[in-house]
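Let's take a walk through this one together, starting with a pair of strands and working outward. Have the sequence and the 3D view open as you read.

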Amino acid sequence: MVFLLAFLFWAFSVQAEEIRLVPESPENLGDWAKVVQAFRLYPTPSRSVRYEGPTLATQLWGDLALGQARYALLLGVTPQNAVELYVDLDRDNRISPGEKLSGTRVSGGMAWTVSLRSEPPQGSSFDYPLQILWPEGRGYLFLVGGAVRAGEFRGRRIALVDGDLDGVFGTKGDFLAVDVDGDGKIYAEPDGHERFSLNEPFTLGGESFRAEVPPDGRSLRISSAAYTPPKVPLIPGSPAPNFTFREFRTGENLSLASFRGKVVLLDFWATWCPPCMASLPGLLELYREFHAQGFEIVGVSLDESAEDLRRVIASYGIPWPIAFEGKRWDNSLANLWRVYQIPTAYLLDKQGIIRFRDLEADALRKAVSELLSEPVTLEAPAPAPSMPEVSLRPEPILELRVPKETGIQEGKAAKVSVRVINTSPYLAEEVRFSFPDLPPGWEVEVPAPFNVPAFGEREAQIQILFKDSAGKSPPAAVRLSVDYHYCIEDACFQMSQEEKLAFVLGASPERALSLPWWILALLAAGVLLSWFLFGRNLTVLSFVLVGLGVAALLFGVFWGQARQAQRIASVLCTSCVGIEEARAPTAEIPAALLSEFQNFPKTAHLMVFYTPWCKSCPYAKALVAQIASVNPRISVELIDADEKRAEAEASGVIRNGKAVVPAIVIRETGKILFGTEDLAPRILAALREIP
Amino acid sequence: MRLRYLRRGTQGLGVLLGIFGITGLGMTHLIFPGLHCYACPLAVTVCPIGLLQNLVIAGSIPFYLLGVLALYGLALGRGWCGWFCPFGTVNDLLAFRRAKFVRALSPLKILVLVGTVVAAWRLLDTWFCKLCPAASLTASLPYFALGLAQPTTPFWIHMGTLGGTVLGMVLVSRFWCRYLCPMGALLSLFNRASFLGLRIRREKCTECKRCREACPMGIDPYLEGNSSNCIKCGECVEACPHKALSLSFGFPGGSGFAPLRFPWARSGSRGISAHK
């Protein structure tokens, strides 16, 4: 028995191989080795941290956790308008003048580099180099890092990246990059064939492996795994993975291979994706120009609604074949091609070899024309230059908060409140709830798709009804899937997150808390009574009133009114406190001035920040609307500074912790105009500053 | 005299809390126990009257606000006006002339409070804030200095209310607190039931009226201690030559606590509550 155990131990121990990893410069590996993450800043520090440096006109705080080490960050603007970044390097909760980082001005903002120390929960601490970028005028930073480390396994380069920038290896979001094809270059972009999440096996020369990672990332323990076919490369020079599809309008079965001999643009798109729609006219023009010479477009639509797709096809007159499954990002073709963002477009040559990806309009025209003139040869051409850089890694941006458990009773609908918090500076669009494994006998009513603004929060109600028809008890928990997409500049990403909803059978359904009016009624009655009582009776009454006061206070805090109070006080409505005049919600711009707006030659986007209780805001809104109505190049966005506080913060409308409304932000320059005095001339002057 | 020094100290703390934002701390959830504009660039606390108006406009039932105000009121009553409120301190600094309280004008502050709430409810606007002299002093002027506000009509209205109030304060001590302050009106509701109380030992009182001469609110403390117009400042306690008055924490309505002239005072002789 002992021998058997010893043999098994030996057998297992020889199967696992430990390789050492050493810190590596991301420049030697590729752009994928630099992880970029938005990092939110707040007007106040999240814990008690003292700033001991020279006076700052504006302070924005952040709390950066690298394992168990927490660093306070302070972005400050001096009275002289210089931007400074302080990091509590010695973690003594005091930020001294010596902890100021020296930064450099880069286009559109400031950049700093710093080397911090990460302290993972197990293992030894390690250096964590970070680049910190501040997009000018914004209430957040970008952290660029990943503490990439690399080693060698079976003669192939292998790298480990802290993909979630939490200072601990082996957590969700971290990934491995393995040079599986041994060409000396690792393709580990989010859709690269050499990138593997930590629970994903990788295959080298017909053998698959799985890696275990200690929290300090000093080594990898690699063991054998069941054979998994290697990922198909999607890099220029590789043959395009073939697929068959049913054409959306004709129902005809087509395959990608059937277009061999033609230059094909394989375009992944959707009608809900604004950058895709923006590129559509250009594609139509390209198609008209080159189709006769052998150019074809195959569109893979990631739409859900066939109606939307049909409408767009009809209104644009799209002539090329379209594949549609109505499954959004679950589209099998998009999965085959590992599409993680749209628009994504591959240009295939006449042999069906991937030649280019995501080309801009002019470059696309040139490439199509060149590929069309190439003779059909059986030899694969040399790989084209490497793929374009992917600057941001898609990752979940929502935080979901669900109740610990919900009581359900048969035949009675239970309400579940889910709090959806957007932790990013991007708009989460069309957030929709679904239950992928809902057992029979359950009925759910989910809210209509909604958007969650940057750093915003939404409360969504789900109604759940359990009907026990088969005499079975319900499961203790069901999976709630939350799907949404978000766009960063010209790329849109689809995300799916899951959360478990736990249930308790038999308990009464969670009831909505009714407002205890009686506390305030009793408090008022007690106060009145106190005017007529003397002696001991007054003493007793006073104690009763203290109890009622505490009850009201606690209920108010529980109800979120303390936060509401803070939010109200954090908004400075200039006309509400009489700093400025409340103006009528009609705006008359003099004709001469209006014609200057009309003739303004550049495009501009004006963001008008307001609050519902701001009395001058309707004036500002009306004025800006009038400006936009005379010039189509000027677009307007109305933003509730209270509801979209984060956006207000990001745009710099928050001053000293207060949102100053009305405020008009010129997106192109970031210039902010407060108040309503001489507003139209001030807007014109600000527009003229647009380069 | 030392009671007054102590009071100047706590009033200084009130001012410090009012400008605590200078430390870089942003707006907190705390409600200020006095009148202090939250629009002040250095404010870290919420003005109860401003919040009340906004909650009325928003249609929220103000559990948190009323709970906090009840606890403030039950702790010190209008003692906050006398011992903490920065705008009360401004009143004190300008209290050159002690005039007798005009009882007929006393309900004015209740009217201001009711009017503030009704205006917020019916006109959906924070009308009190537009006129509030505390906002003039701590928001309008600083924002004007920072270049965020222009000398427009509302600015001049603010300056007008501030000027009028300052003139009132110079002519009549604690003019704002006596007749107009809605926060004082709110706290006055709790004045009798609060744990800080003015106490009088009637056997010692000769009705010499020295306390009335000293009272910044112009009331007769030996008759009206802890009434809705008593700010429990303790000026009368200092002025009483017979030590008949004292200010102490104790059970409201209860009798017998030693005068709290100084925090380190020993408890001893029993007094009779002025509530009786």
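Start in chain A, where strand S39 (residues 604-610) and strand S43 (residues 663-666) pair in the antiparallel sense over four bridges. If you want a spot to zoom in on, try Met607(A), which stands opposite Val665(A) in S43(A). Keep in mind as you look around that this is a predicted model.

As a quick refresher, strands of a sheet pair through backbone hydrogen bonds, either parallel or antiparallel. Now zoom out from that pair. S39 and S43 belong to an open sheet of four strands in chain A, ordered S40-S39-S43-S44, and the pairing across this sheet is mixed. Which strands sit at the edges? They are strand S40 (634-640) and strand S44 (671-674) of chain A, each of which pairs on one side only. Going from one strand to the next, the twist averages 20°.

The sheet has a helix for company. Helix H12 (residues 679-687) of chain A lies across S39, S43 and S44 of chain A. Relative to S44(A), helix H12 runs at about 175°.

Next, hop over to a loop elsewhere in chain A. Ala476(A) has its place between strand S35 (457-466) and strand S36 (477-488) of chain A. Is Ala476(A) buried or exposed? It counts as exposed because it has 12 other C-beta atoms within 10 Å, and the cut-off for exposed is 12 or fewer. Leaving aside residues up to four places away in sequence, Ala476(A) touches Ala502(A) and Phe503(A). There's also Thr406(A), 70 residues away along the chain, whose C-alpha atom is separated from that of Ala476(A) by 9.9 Å.

Now for the other chain. Chain B has 276 residues, and 57% of them are buried. Its secondary structure comes to 14 helices and two strands. Take the contacts in chain B between residues at least 6 apart in sequence: 67% of these join residues at least 24 apart.

Finally, look at where the two chains meet. How many residues does each chain bring to the contact? Chain A puts in 57 residues and chain B puts in 55 residues. On the chain A side, helix H6 (517-530), helix H7 (535-558), helix H8 (561-570) and strand S42 (658-661) each supply at least two residues. The largest share of that side comes from H7(A), with 17 residues. Sorted by class, the side of chain A that touches chain B has 31 nonpolar, 19 polar and seven charged residues.

Notes
Residues numbered from 1 in each chain as written. Chains lettered and ligands numbered in written order. Predicted model: local features only at pLDDT ≥ 70, side-chain atom pairs only at ≥ 80, totals over all residues. Buried ≥ 20, exposed ≤ 12 C-beta atoms within 10 Å, placed from the backbone. Contact = placed C-beta atoms within 7 Å. Pairing = 2+ DSSP bridges. Axes fitted to C-alpha atoms, helices over the stretch in contact; angles between N-to-C directions. Nonpolar A, V, L, I, M, F, W, Y, C, P; charged D, E, K, R; others polar.
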